[in-house]
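I opened my notebook to follow a few strands and one residue that caught my eye. Here is what I looked up, in the order I went.

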Amino acid sequence: GASDGTAHCSIAQGPGTVVDLGSQGRDSRANGADYDGNVVVGWSASPTISVWQPTVWEDGVLTVLSESVLWCDAWQTNGAGDIIVGSTSDTLSYSLPMSSAAMWTRTETGWQEQILGVLPGTFSNGVGTVAAKDISEDGTVVVGYNGYDNWNSAGFVWTQDQGMMKAIDYFAGLGITFPANFSVLSMTACSDDGLVMAGFGKDPFDFTAPIQSFIVDLRELSGVPQTASRGSGLGLGENYPNPFNPSTTLRLAVAKAGHVRLEVFDLRGRLVRVVHDGHLAAGDHELTWDG
């Protein structure tokens with residue numbers, strides 16, 4: 001707490017050391033941080049209209065990401081601290097400002113905002129709130145919450161290729177289904193590679209039903225080609241670095257010289273890139289994929 005009685009975003013920098021990161025003059029809060037703690041994201045209240053505004057602190061320096069006129073905030077950043085997700089007031093898509101999921105990407109000149117949108121029907125009653133909660137390391141997968149009103153909500157998955165979808169529809173498209181009468185209320189987290197996601201939900205028709213959390217693991221989807229086994233004369237090791245941006249090195253062990261084709265597939269089993277298609281000598285090889 002600051003000396004004037006307001007609550008401030010702060011960060012621990014060692015045992016017994018807490019640093020006040022400050023605010024715009026009123027309250028502020030931290031929601032997430034990058035791997036080394038140099039980039040902290042959250043909200044700081046506007047000194048004039050009091051609403052929360054999405055904010056980032058870089059090495060202690062405060063920057064307001066969006067001069068939102070609604071209650072909005074930044075929820076999470078990736079490990080590198082160069083992509084942030086949260087919510088902002090969308091003044092472009094609607095006659096009145098509405099809350100939309102948003103992403104901010106670090107550029108040479110500052111933070112560039114991208115509005116990720118809302119699910120259809122969100123503002124049919126003139127109300128609704130949407131927020132992105134977490135992001136993959138490369139910014140191609142975002143998960144969050146889409147509130148239609150004070151009682152109804154749906155978790156969403158946004159991807160660079162497909163845009164925003166209800167989480168339950170996104171997973172169904174991958175062959176993953178939930179129990180009958182189970183509604184995904186919010187998606188709250190995803191892994192750096194965007195293949196493991198967490199959320200919570202409940203039976204919407206039973207007010208006494210408990211809220212249940214869940215994890216969806218997309219790494220073992222059927223239809224995605226498996227890596228070569230050692231019995232085939234090939235061995236595919238872990239790539240490094242992982243996560244990566246923009247390139248990674250693939251390690252391949254070849255037991256016998258011959259023609260080798262190394263391919264990368266996406267979650268739906270679609271071919272993304274042929275990394276190598278040609279002769280390789282016996283032994284260990286390292287091949288680079290630019291992503």
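Before listing neighbours, I noted that contact means heavy atoms within 4.5 Å. I also reminded myself that this is a predicted model.

**Entry 1: an aspartate.** I looked up aspartate 134 and found it in strand β11, which covers residues 129-135. Leaving out residues up to four places away in sequence, I listed what aspartate 134 touches: Gln76, Val85, Val141, Val142, Val143, Thr188, Ala189 and Cys190.

Is aspartate 134 buried or exposed? Aspartate 134 is buried, yet it has no salt bridge. I checked for the nearest side chain of opposite charge and found lysine 133, 11 Å away. A salt bridge would need a side-chain nitrogen of Lys or Arg within 4 Å of a carboxyl oxygen. I did find a polar atom of the aspartate 134 side chain 2.9 Å from the backbone nitrogen of cysteine 190.

**Entry 2: on to β15.** Cysteine 190 led me to strand β15, residues 183-190. This strand runs antiparallel to β16, and six bridges join the two. As one pair across them, I wrote down serine 183 opposite lysine 202. The hairpin they form has five residues between the strands, and there glycine 194 takes a positive phi near 75°.

**Entry 3: β16 and its other partner.** How many of the seven residues of β16 are buried? Five are, so to speak for the strand (residues 196-202) as a whole, I noted "mostly covered". I then traced β16 to strand β17, residues 212-217, and found antiparallel pairing over six bridges. Here alanine 198 stands opposite isoleucine 215.

Notes: Residues numbered from 1 in each chain as written. Predicted model: local features only at pLDDT ≥ 70, side-chain atom pairs only at ≥ 80, totals over all residues. Heavy atoms only, no water. Buried < 20%, exposed > 50% of the residue type's maximum accessible area, 1.4 Å probe, protein only. Helix = DSSP H or I, 4+ residues; strand = E, 2+ residues; numbered from the N terminus. Pairing = 2+ DSSP bridges. Lys, Arg positive; Asp, Glu negative; His and termini not counted. Polar contact = N/O pair within 3.5 Å; in protein donor to acceptor, adjacent residues only side chain to side chain.
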